[in-house]
Amino acid sequence: MASPGGQGGGALSTRGGGGARRMKWALELSVGNTRSRSDRQGGQGDVVYPIGYSEKPVPDTSIQETDKNLVEKRCWDVALGPLKQIPMNLFIMYMSGNTISIFPIMMVCMMAWRPIQALMSMSATFKLLESSSQQWLQGLVYLIGNLLGAALAIYKCQSMGLLPTHSSDWLAFIEPPQRMEIMGGGMVL
Amino acid sequence: KAVAMAKLILLLLNWIFLCCNVAAVFEDQVGKFDWRQQYVGKVRFSHFDSHMQSSKKVLLASESNVFAALNTRTGELFWRHVDKTGPEGNIDALLQHGQDAVLVIGNGHLLRSWDIGVGGMNWEMVLDPGSFRSACLVGHQGAVKHLAVLKKTVISLHYLSNGHQKWVENLPESETVDFQAVYSGGNGEVYALGVVPNSHLAIVVYSLEDGEITKQVSVEAPWLSSIPASCSVISRGLLTCVDSTTMSLYTLDLHLQLEMTQIPLQTLGLDVDPGFRPSLVSHQPNPAHPPLSEFLLQLGPEHHLLLQHNDGQIVTLRDYKPALLASFATAGEKTVVAVMAPKNKTACSINLFSAETGRRLLETTLIFTVDPNGGKPEKLHVQAFLKKDDSVGYRVMVQTEDHTLTFIQQPGRVMWTREEALSDVVTMEMVDLPLTGAQAELEGEFGKKADGLMSMVMKRLSSQLIMLQAWIAHLWKLFYDARKPRSQVKNDVSIENLSRDEFNLQKMMVLVTASGKLFGIDSKTGDILWKHYLENIPLNAAFKLMVQRTTAHFPHPPQCTLLIKDKDTGLATLHVFNPIFGRRSQVTPPALPQPILQSLLLPLMDQDYAKVLLLVDDQYKVSAFPSTKNVLQQLQETASSIFFYLADSGQGRLSGYRLRTDLSTEQVWEVVIPTETQKIVSIKGKRSNEHVHSQGRVMGDRSVLYKYLNPNLLAVVTESTDLHQERSFIGILLIDGVTGRIIHEAVQRKARGPVHVVHSENWVVYEYWSTKSRRNEFSVIELYEGMDLYNSTVFSSLDRPHAPQVLQQSYIFPSSISTMEATLTEKGITSRHLLVGLPSGGILSLPKMFLDPRRPEVISEQSREENLIPYAPELIIRTEWFINYNQTVSRVRGIYTAPSGLESTCLVVAYGLDIYHTRVYPSKQFDVLKDDYDYMLISSVLFALFFATMISKRLAEVKLLNRAWR
């Protein structure tokens with residue numbers, strides 16, 4: 001169960017770098033491949049252009065359009081991940097009950113820890129969202145989702161009675177009052 | 001094969017059964033933390049069992065109505081029978097013949113015969129009413145088969161074998177004649193001797209066969225007032241009396257004469273010490289034969305004489321001067337006299353003399369060392385026996401003023417000592433033991449002021465060296481002891497090596513007994529470490545023991561003060577002593593010329609860390625002890641906040657006083673309880689060393705109900721003077737001792753005392769007898785401040801505008817109780833239990849949880865959350881709650897509880913006729929490993945796991961390396 005942000009980030013990165021690595025070798029006969037051109041430029045700059053090569057690249061707007069949409073979609077996935085978790089969390093909360101035993105405690109700890117962890121690695125998530133145009137909105141949604149998750153965990157703690165919100169929780173810290181008078185005596189001996 | 005299988009199953013079942021059958025104390029824990037000492041009380045009668053040569057029993061009948069047999073070799077009890085307290089069980093006489101011992105009990109109410117071999121009862125006979133005068137065994141023709149009991153108006157004869165009455169006769173002229181003694185010389189006649197004071201002596205002779213009066217005479221004796229005090233029968237029926245006013249001996253032959261023969265002591269060359277009342281002792285070795293013709297005459301506190309009656313003449317056989325005590329003893333046919341003479345200040349010598357000739361027997365000297373902290377010898381009980389060469393040997397049991405029994409063998413070896421004073425403990429305290437010498441030195445080092453760096457370093461090094469030395473010695477001792485078998489290792493506890501253990505579980509018990517003897521007992525083993533006898537203690541003295549300085553202020557010695565007040569004169573004395581060593585302190589206590597009403601131990605300390613003791617005299621003036629300038633100054637500063645209260649049960653007055661700066665007092669409040677209807681029975685405040693950890697109780701909804709913890713609160717118990725079962729009542733008054741404000745008042749109608757009260761924290765528990773329902777009932781009152789604290793930092797009784805909430809609930813208890821106390825722990829975190837001493841001898845540890853006025857009748861979610869037990873009117877006694885399992889504590893009079901260094905553990909001492917000490921764990925032992933914790937198993941498992949990890953790690957590395965090579 002990796003975090004949704006991390007999962008999304010990982011998928012994106014393999015998509016970017018892995019494309020090149022996947023091919024062991026390639027014979028390129030077609031024109032207009034950006035990749036092969038760069039290869040050629042880097043590897044053998046002064047090689048004579050083969051037949052049918054055109055200096056001007058043919059723009060393929062349709063593919064670029066879908067790519068951008070995909071990135072945007074992935075970014076929204078990342079941003080909405082925490083929010084999507086909430087119904088699931090609610091269900092787990094309901095199922096685990098309010099008794100204090102090892103499993104509900106573990107659940108609550110997990111529920112509290114995940115948003116906190118996500119909030120701590122906020123900057124990394126923002127880097128992921130950099131490529132998106134709606135970066136700030138997505139960031140905000142992501143933040144709100146995580147905050148909601150944390151609030152849910154706190155609510156669970158509260159309903160389990162783990163939060164020191166009652167006066168009884170501070171009872172042990174009350175010092176015995178100081179005695180102002182000294183008194184003694186008894187029956188006449 | 002099937003048989004083997006069946007056997008195996010049976011074995012398994014047995015094992016399971018044994019495992020399930022577990023009580024509160026495990027069998028191997030018996031006697032591990034607890035000990036019991038059984039006592040008899042002050043000895044009134046004693047008899048050595050002499051019917052068998054090899055017998056080692058001594059029978060004791062005590063003033064505490066106890067009849068027991070002791071082992072003369074060890075001093076331990078063979079058996080003991082504890083009768084009712086008070087005059088009902090009073091032992092009037094002890095007669096022994098052969099295997100039987102006959103007791104007359106309860107002013108002649110009962111006659112009981114015991115088999116002394118096993119301590120079982122042979123028979124019991126209820127006698128006709130009438131106050132008891134005297135009893136004797138009656139023999140005839142060499143055999144003893146009867147027993148005569150003389151009462152105020154009747155004389156009766158009983159068979160020894162079954163107690164049946166042979167005959168009973170009215171005494172003639174019993175309205176005028178006071179019959180006081182009965183005598184039988186073995187000739188078939190029983191003599192009843194009576195006296196009309198300062199007029200004449202009446203002698204009535206009864207026939208043994210049918211109780212017919214065979215003779216009745218009256219003899220002029222104007223000087224005689226009491227027969228047992230001044231007369232005795234010697235020889236063949238010769239009544240011999242001594243009179244101090246006429247300075248004469250009188251003799252009268254009971255068979256022949258009608259007039260007394262006067263023999264002035266001067267004619268014998270004797271003289272009575274001025275102011276001394278002389279007395280006579282005769283000896284009748286066998287009831288079937290007449291007494292000896294020799295008798296002992298005491299003429300002064302240190303002057304005894306052995307006289308003989310010979311053909312109408314009194315002859316002096318031997319004059320013992322100085323002689324403290326003299327006593328007859330018979331072995332076989334020989335009768336001897338044992339005489340104790342003072343040797344020097346610390347020792348007495350005892351010698352044997354032949355009764356017939358008065359000659360001293362050779363090699364019979366025995367030295368008795370007088371304990372400087374004990375009393376003077378009071379009684380001599382001699383056990384004489386015939387040695388193989390037919391000479392007389394003997395052992396003595398010396399009874400001293402402080403109720404101590406010392407059993408001595410020749411030539412002065414003390415075989416055992418019994419401190420019977422401990423059967424009547426009045427009050428006690430437990431004092432922490434001092435740290436070891438080295439620890440104390442280390443602590444003292446930091447306590448003192450620095451005097452140069454170099455010397456400090458040297459001091460530190462030297463003390464560390466001492467500690468190292470002590471540690472090595474300790475290790476060596478451990479090693480040395482480990483080789484010995486376990487039973488031989490004795491923990492020799494002496495005052496020198498006493499030191500506090502790491503959990504402060506071992507303490508010094510300081511006990512004050514009614515006889516005025518103080519004891520210091522090691523709480524771990526029960527050994528008496530010191531004793532101190534205070535002489536001249538008045539008979540009805542009131543004692544109050546206070547710890548002025550604990551052991552925490554090294555190098556100042558700990559200090560205890562005992563206030564002894566004579567209730568008749570009201571005058572009091574102070575005894576200041578060191579509770580660890582029992583020695584009188586260097587501090588001289590102040591003289592108290594005025595009668596003292598009460599004392600008050602203040603939390604103020606003088607510059608030597610001794611708490612200040614205030615003594616209130618009958619003019620309501622206060623004197624301080626110690627009264628140094630420093631103390632007086634402190635008192636002046638704090639006088640306005642020092643209050644005390646006095647309760648006078650006789651006048652029904654309860655009054656509170658405030659201290660003025662000039663140490664006079666002013667009355668602040670007064671509550672009068674009309675003495676016509678009720679009287680104050682007891683007043684209970686809170687214990688000063690009590691700590692309450694939690695200031696409130698958590699409710700089901702997690703809010704807090706704060707406790708009303710008023711340190712000045714007093715619980716006053718009153719009982720109605722009218723004891724009619726319809727009109728009797730008891731009252732509980734909760735009064736603030738500073739302001740006199742009545743916080744709460746509860747009256748229990750149709751109830752009767754005795755009321756036992758425990759007052760602690762915010763609750764009062766009391767027990768009474770309900771005359772309406774004819775049962776014992778417990779009632780609990782709890783006080784709460786409510787949901788808010790009025791003032792959480794300081795508590796002042798003068799500033800308390802709100803009255804507390806009061807909750808009360810009552811329960812039925814299936815037994816009557818003797819005493820009650822609450823457990824006490826260091827910080828007050830552990831839950832509380834009530835320790836209830838039952839008349840059956842059990843000590844019950846009753847959880848306070850069961851006595852909780854918040855126990856609901858209808859269970860709700862909230863009450864379940866709070867862990868409240870639903871209300872049930874009956875409190876049950878569970879057998880596993882008895883903390884003393886089968887170690888019955890007879891006649892529990894008090895229970896003392898003290899905290900130990902462990903929060904879970906409370907030390908308990910129950911005292912009465914017996915003394916019992918144990919530890920209780922009201923919330924189980926949460927802060928310490930159990931004593932049967934398996935260190936070996938755990939550590940071996942740990943080590944095994946550790947090595948297993950090491951080995952498997954290595955194996956994994958090898959495997960990885962191999963894989964990499966592949």
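These exercises walk through the contact between two chains, one sheet and a salt bridge in a predicted model.

Residues are numbered from 1 along each chain as its sequence is written, and chains are lettered from A in the order in which they are written. Local features need pLDDT of at least 70 and side-chain atom pairs pLDDT 80 or more, while totals for chains, interfaces and linings use all residues; side-chain values use heavy atoms, without hydrogens and water.

**Exercise 1.** Describe the contact between chain A and chain B, from its extent to its polar pairs.

*Solution.*
- Step 1: Begin with contacts (heavy atoms within 4.5 Å). On chain A, 24 residues take part, and they meet 45 residues of chain B.
- Step 2: Turn to buried area (the accessible area, 1.4 Å probe, that two parts lose on being put together, summed over both). This comes to about 3,100 Å², with 61% given by carbon and sulfur atoms.
- Step 3: Look for salt bridges (a side-chain nitrogen of Lys or Arg within 4 Å of a carboxyl oxygen of Asp or Glu). The count between the chains is 1. B:Arg702 forms a salt bridge with A:Asp169, with 3.0 Å between the closest N and O atoms.
- Step 4: Count residue pairs in polar contact (N or O atoms within 3.5 Å, one able to donate a hydrogen and the other to accept it; residues adjacent in sequence count only if both atoms are side-chain atoms). There are 21 such pairs between chain A and chain B, both residues at pLDDT 80 or more.

**Exercise 2.** Which strand supplies the largest share of the side of chain A that touches chain B, and how does this strand pair with chain B?

*Solution.*
- Step 1: Strands here are DSSP runs of at least two residues, numbered from the N terminus. E2(A) gives the largest share, 6 residues.
- Step 2: Strands pair if DSSP finds at least two bridges between them. E2(A) runs parallel to strand E44 (residues 642-648) of chain B, joined by 6 bridges.
- Step 3: For a spot to inspect, find A:Gly186, which stands opposite B:Leu646.

**Exercise 3.** Trace the open sheet E14-E15-E16-E17 of chain B.

*Solution.*
- Step 1: Its 4 strands pair in the antiparallel sense.
- Step 2: The edges are E14 (178-183) and E17 (213-220), each pairing on one side only.
- Step 3: E14(B) and E15(B) (residues 189-196) share 5 bridges, and B:Phe179 has B:Gly194 as its bridge partner.

**Exercise 4.** Place the salt bridge between B:Asp83 and B:Arg112.

*Solution.*
- Step 1: The N to O distance is 2.9 Å.
- Step 2: B:Asp83 lies in the loop between strands E5 (77-82) and E6 (91-97) of chain B, and B:Arg112 in strand E8 (residues 110-115), 29 residues apart.
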